[in-house]
Every structure is written in C-alpha cells, then in structure tokens.
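Please open the model in a viewer and keep the sequence panel beside it. The tour below proceeds by selection, with a short account of what is to be found at each stop.

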Amino acid sequence: MENSATPAGPTDDRATPAHPEDTGTGPAPGREKATDGPAPGDPEDTTPGGHEDPATGRAQSPEGSTTGPAPAPRDAANRPAPDPVDTTTAPAPAPADGSPESAPAAGSAPAPDSPRPSPWRRGSRRTWLLSGALAGCLVLGGVLMFLPAEPPERPVAAAPGPQARAALTAGVPAALPDLTVLIGEQEAYLRDHPKDAKSWALLGSAYVEQARRTAEAALFPKAEDALRRSLRVAPKRNPDASDGLAALALARRDFRAAREHAEAALKERPKGWRSYPLLIEALTGLGDYKGAGRALDKLTDLHSGPAVQARAAAVYRERGWREDAAAALSDAAAAAGAPAERAAYLERAGELAWERGDLSDALRHFRAAVRIDPDQRAAQAGQGRVLAALGRSSEALSMYRVALERRPDPGYALELGELYESLGLRDAARVQYDLLRALVRQHAAGGVDGDLVLGRFEADHGDPATAVGLLRAEWRRQPGIEVADALGWALHRAGSDEEALRFAVIATDKEHGGTVRSAPYAYHRGMIERSLKRYGPARRHLQEALRINPYFSVLHAPQARAALRALGEPSPDGPPEG
C-alpha cells in the first residue's frame with residue numbers, strides 16, 4: 001500500500017529552504033507589507049480611522065474625505081436651541097456617501113407646504129452627526145489599541161526530506177539530519193514502488209552524500225546497489241543514475257570510473273550542467289588539467305550560481321590563482337541557498353586561507369562554517385590545524401579528537417598523530433597511526449582507495465619502501481599532482497633522490513601542470529635538491545615553502561627552517577649555484 005506521507009520520489013519540486021537568518025519576524029516572502037500608515041495602537045496614529053493630509057493639516061478618512069475637527073462643547077452651549085422641526089414633512093438629509101437612491105433629484109423643488117429649514121439648522125444637524133461619528137471612531141480606536149496585535153507571519157520552512165532532495169538535485173552539500181529523513185522516506189516509498197528508477201537514483205545519491213559527510217564507508221556498497229538497480233529498471237535515459245555513480249566513484253577516489261560515468265550522463269543529457277562538476281573533479285584527479293579547464297568553460301556557458309562558482313574556485317586553485325579562487329568561494333558562500341551548502345564553501349575558503357598562511361582568516365572561516373553547520377567536520381579539523389600553528393595545542397587536540405570521532409577519516413588520524421609527535425607524545429602518536437591503518441582497511445572494504453594517505457604515512461612514519469610500492473601503483477592508475485608529490489617524497493625517503501626529483505618537478509613545475517602554490521610541495525622539492533647537493537635550488541624552494549605558509553606542518557615546517565639555516569647564505573665570491 002502506498003505511503004501517503006512519503007513524497008513520490010525525486011519529482012517533488014517544492015522550494016528550497018530559507019536561511020535561518022531569514023526566519024525572523026518580518027512578513028513571509030512574497031507578501032507585501034501594508035503601507036496604509038501606522039497600525040492600530042501605534043502611538044503616532046493620532047487620527048481615528050485615517051491619517052493627516054500633509055497639504056491641509058486636516059484629518060483624512062481612509063476613503064480620502066476630509067473631516068473637520070469635532071465641535072468644542074462650549075460652542076454648542078453658546079448656540080441658541082434650534083426650533084422644533086416637523087420631521088414628518090422635512091426632507092431627510094442626504095447620506096454621507098452621496099448615494100443616488102436617497103438624494104433628491106437635481107433641480108427638484110421642495111413641497112410647497114413644507115417649511116424650509118434655516119441654514120443654521122441644517123449646519124447644526126450636520127455638525128452633530130459628524131460629532132457623533134467622530135466620537136464613535138475615537139471609542140473604536142481606543143478599543144483597538146488594547147487588542148493584541150496580529151502576530152507577523154513567518155515563512156514556513158521546507159520539510160527536511162525536500163530540503164535534502166533539493167540539495168542533491170542541485171549538486172550541493174546537504175545537511176546530515178535532512179539526509180537521514182530523506183533516506184528513510186525513499187526507503188519506505190521504494191518498498192511499495194520498486195520500479196521507480198528516479199527514486200532509486202535519488203536514494204543512491206543520498207547514500208553517497210551521507211557516506212561522504214560521515215566517512216562511513218559501509219554506506220558505499222548500499223549506494224552502488226541502489227544506483228545499479230536504478231539502471232536495471234531504466235537502462236537508458238537515466239543520467240541521474242550515471243551522475244550518482246560518478247559521485248560515488250569520486251568519493252572512493254576512483255577518478256577513471258568517475259570520468260566514464262560523468263561522460264555517460266552527458267551523452268544522455270548534453271546540457272546537463274550538474275554532470276560537469278563531477279567530470280572536472282575526475283579530470284583533475286587524473287592530471288588532465290587542460291581537459292578540466294575546457295569542461296569548466298562549458299559549465300560556465302550552461303549555468304551560473306554557487307555550485308558553479310565553487311567548482312571554478314577549485315580549478316583556479318589548481319592553476320595557482322589564489323585570489324580568484326578566494327573571490328569565487330566568497331561569492332558562492334554569499335549566494336548559497338542553504339546552511340550546509342554555505343558552510344561547505346566557508347570551509348573551503350578556510351582551506352585556501354590556511355594554504356597561504358593566513359591563520360586569522362582561516363580560523364574565522366572555519367569557525368563560521370561550524371557555527372552554521374555543526375556537522376562540518378572538515379572545518380573542525382581545520383580549526384585544529386590552525387590552533388596547533390598558533391601554539392594552542394590543547395585546543396587543537398580537542399578539535400581533532402571531535403572531528404575524528406564524528407568523522408573517522410584517515411587523514412585526520414594522520415594529522416592528529418603528527419601533532420602528538422611534535423609535542424613529544426610518541427605513544428599517543430602511535431595510537432593514531434595504528435588507527436589510521438585500521439581505518440584504511442575498513443574503508444577499503446567499502447571500495448575506497450586509501451593508498452595515497454597510507455603512502456604518505458608510510459613514507460614519514462613507517463616503511464618508505466612500502467610507500468613507494470603503493471604510490472607507484474597509484475600513479476599508474478591516476479597520475480595527478482597529489483600523487484606525483486607523494487611518490488617523489490617517498491622515493492626520497494627510500495634513498496632514490498634522482499628519480500624522486502623527477503616527480504617533485506612534475507608536482508611544482510608549471511611546464512608539467514604543477515601550478516598550484518603549495519608549501520609542502522615546495523618543501524619536498526627543496527629537501528630532495530639539498531640531498532642532491534643542488535644548494536641554490538634547494539635554498540630557493542625551501543624559502544618559497546616558508547613564504548607561502550610558514551606553518552604548513554607541525555613537523556616539517558621546523559625542519560625546513562633548520563635546513564635553511566644549515567644551507568646559510570650563498571657566498572658572493574663562490575661559483576653561481578645551479
């Protein structure tokens with residue numbers, strides 16, 4: 001039996017939620033505020049039922065007619081009493097609205113035997129009528145002053161399920177509580193409607209996003225099963241399922257599969273702009289930076305908005321355009337449609353600030369991201385990184401622990417272990433390194449490629465030969481800049497400096513695509529060149545690393561400064577250094 005409380009799959013087109021800041025006491029969006037003057041009971045509303053005419057200073061009724069002031073009591077007392085009026089023969093006064101039904105016909109004469117009232121008598125009658133009306137308005141206004149004002153209407157927030165659906169449809173981050181609701185709704189709906197391909201694709205995409213945000217790799221097989229089932233129900237004209245599989249492959253660090261699925265989605269939906277961010281990330285992971293640039297051009301031709309700006313920022317970063325990347329992320333955060341989306345862009349802006357060594361700006365962005373979305377664990381780990389650089393070690397440890405507990409990411413375990421090691425707490429560091437290995441194995445069971453982070457760990461804290469083997473295989477699968485840098489460093493740690501330099505150059509040389517300004521990459525190249533006795537280039541690259549970010553690593557930044565001191569300044573009388 002159909003569950004009437006559950007929306008029928010992804011076809012729900014309800015509006016995306018408003019920001020929390022937009023849910024104040026103002027009128028609901030789309031409802032104009034009344035402009036007829038102060039509300040009843042406003043202290044400035046001194047004219048009953050209307051407002052003052054700025055031209056005459058006289059009171060205006062709501063219909064716009066001008067009414068004179070109420071007659072003073074002493075004027076009435078000084079007037080002579082009016083003569084008795086024969087009400088059976090005198091014509092009744094015309095109504096105030098001048099309606100033709102009761103007004104005498106134009107040009108008609110009074111009855112010959114009817115005495116004509118004096119002008120004073122007619123004015124007195126009208127004055128008393130106006131006085132009575134005005135007194136009634138005053139009484140009514142006084143009553144309204146003491147009635148409770150109608151509470152302002154508040155915009156109705158969208159339900160969590162539709163909020164998550166809107167985020168997934170737009171290709172932007174979704175809030176974890178909303179994802180939980182959406183997944184429950186879709187699972188219940190699909191039990192009664194197993195042939196709904198779009199709902200299977202939506203459920204699979206929701207699993208991917210939930211796994212990405214929580215680092216629960218066990219969700220990835222569930223996501224793949226839902227997405228494959230969508231394709232079985234609708235093998236053709238199903239780009240949503242292909243996009244979901246592309247997102248799943250990216251979360252697993254399988255860039256080749258991600259490229260294939262994104263291209264399949266674009267083949268079925270050539271102007272589907274949501275497939276291009278997936279394709280761009282896949283091409284970047286494969287080291288095809290020119291292809292990523294071309295895909296970005298197509299994306300910006302098709303669409304604009306926060307998601308596009310955020311993807312453009314990532315491409316700008318890879319090209320070394322840090323200011324452009326920061327500006328694009330700032331615009332994306334300002335225009336984001338939901339708190340979780342805005343928090344994600346703020347976190348990325350914090351990462352950019354960290355990479356250029358701006359600790360205060362980085363901390364400001366990270367804190368803002370966590371304040372908006374408490375489930376933003378990457379921003380919490382970023383706070384730990386910045387606090388460690390500021391020497392606030394206890395706070396940094398606390399931040400890392402919280403982030404790692406809520407999102408068990410091997411990268412967080414590596415950073416926390418290195419922080420313990422920098423503080424001389426080797427046993428605590430070893431606990432984190434053991435956790436890192438366990439997490440990599442756990443994630444591998446969910447199909448996640450953890451060789452990059454494991455290779456980095458083995459190069460510095462484990463077996464460099466094992467690191468070389470892992471990273472060579474990774475380079476063959478997906479030769480991106482990150483892998484080139486990690487492999488070059490592992491080769492250096494294993495004693496193969498000549499080959500190591502070749503990969504370090506790929507990671508840092510613009511001719512090879514290494515245009516990203518990275519302090520760790522420059523540090524690695526400088527240390528490799530120092531081992532090869534190429535002291536001039538070594539000095540330049542070590543200085544560059546510390547100039548980009550003097551705090552880039554709690555372990556390696558001090559080593560970079562020590563290596564520079566050992567190299568000293570070049571001798572003015574010596575041969576030029578190559």
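Select Tyr433 and Phe457 in this predicted model; Tyr433 is buried, and Phe457 is buried as well. Their rings form a tilted aromatic pair, with 5.2 Å from centre to centre and 50° between the planes. Tyr433 belongs to helix α18 (residues 426-445) and Phe457 to helix α19 (residues 451-461), so the pair ties together parts that are 24 residues apart in sequence.

Next, select Trp489 and Tyr523. These two residues also make a tilted aromatic pair, at 5.6 Å centre to centre and with 45° between the planes. Because Trp489 lies in helix α21 (residues 481-493) and Tyr523 in helix α23 (residues 519-531), the pair ties together parts that are 34 residues apart in sequence. Trp489 is buried, as is Tyr523. Add Phe552 to the selection: Trp489, Tyr523 and Phe552 form one aromatic cluster. A search of the whole structure finds 5 aromatic pairs.

Now move to the helices, beginning with residues 219-233 (α6) and residues 239-251 (α7). Two packed helices are described by the angle between their axes and the distance between the axes. For α6 and α7 the angle is about 160°, and the axes are 9 Å apart. An angle over 145 degrees counts as roughly antiparallel, and α6 and α7 are therefore roughly antiparallel to each other. Their crossing is left-handed.

To display the contact itself, show the side of α6 formed by Phe220, Ala223, Glu224, Leu227, Arg228, Ser230 and Leu231; these residues meet Ala241, Gly244, Leu245, Leu248 and Ala251 in α7. By class, the contact comprises 8 nonpolar, 2 polar and 2 charged residues.

For the final stop, select residues 160-170, which make up helix α3. Is this helix mostly covered or mostly uncovered? It is mostly covered, with 8 of its 11 residues buried. The buried residues of α3 are Gly161, Pro162, Gln163, Ala164, Arg165, Ala166, Ala167 and Leu168. To see what lies over them, add α4 (176-192) and α5 (197-214), which are included in the cover of these buried residues. Then step to Gly171, which follows α3 and has a positive phi, near 70°.

Technical notes: Residues are numbered from 1 along each chain as its sequence is written. This is a predicted model: local features need pLDDT of at least 70, side-chain atom pairs count only at pLDDT 80 or more; totals for chains, interfaces and linings use all residues. Side-chain values use heavy atoms; hydrogens and water are left out. Buried means under 20% relative accessible area, exposed over 50%, partly exposed in between (1.4 Å probe, protein chains only). Helices (H or I, at least four residues) and strands (E, at least two) are DSSP runs, numbered from the N terminus. Contact means heavy atoms within 4.5 Å. Axes are lines fitted to C-alpha atoms, for helices over the stretch in contact, and angles run from 0 to 180 degrees between N-to-C directions. Angles under 35 degrees count as roughly parallel, over 145 as roughly antiparallel, 65 to 115 as roughly perpendicular and the rest as oblique. A crossing is left-handed if the near helix is turned anticlockwise from the far one by less than a right angle, and right-handed if clockwise. Ala, Val, Leu, Ile, Met, Phe, Trp, Tyr, Cys and Pro count as nonpolar, Asp, Glu, Lys and Arg as charged, and the others, Gly among them, as polar. Rings of Phe, Tyr and Trp (its six-membered ring) pair if their centres lie within 6.5 Å; planes under 30 degrees apart count as stacked, over 60 as edge-to-face and the rest as tilted.
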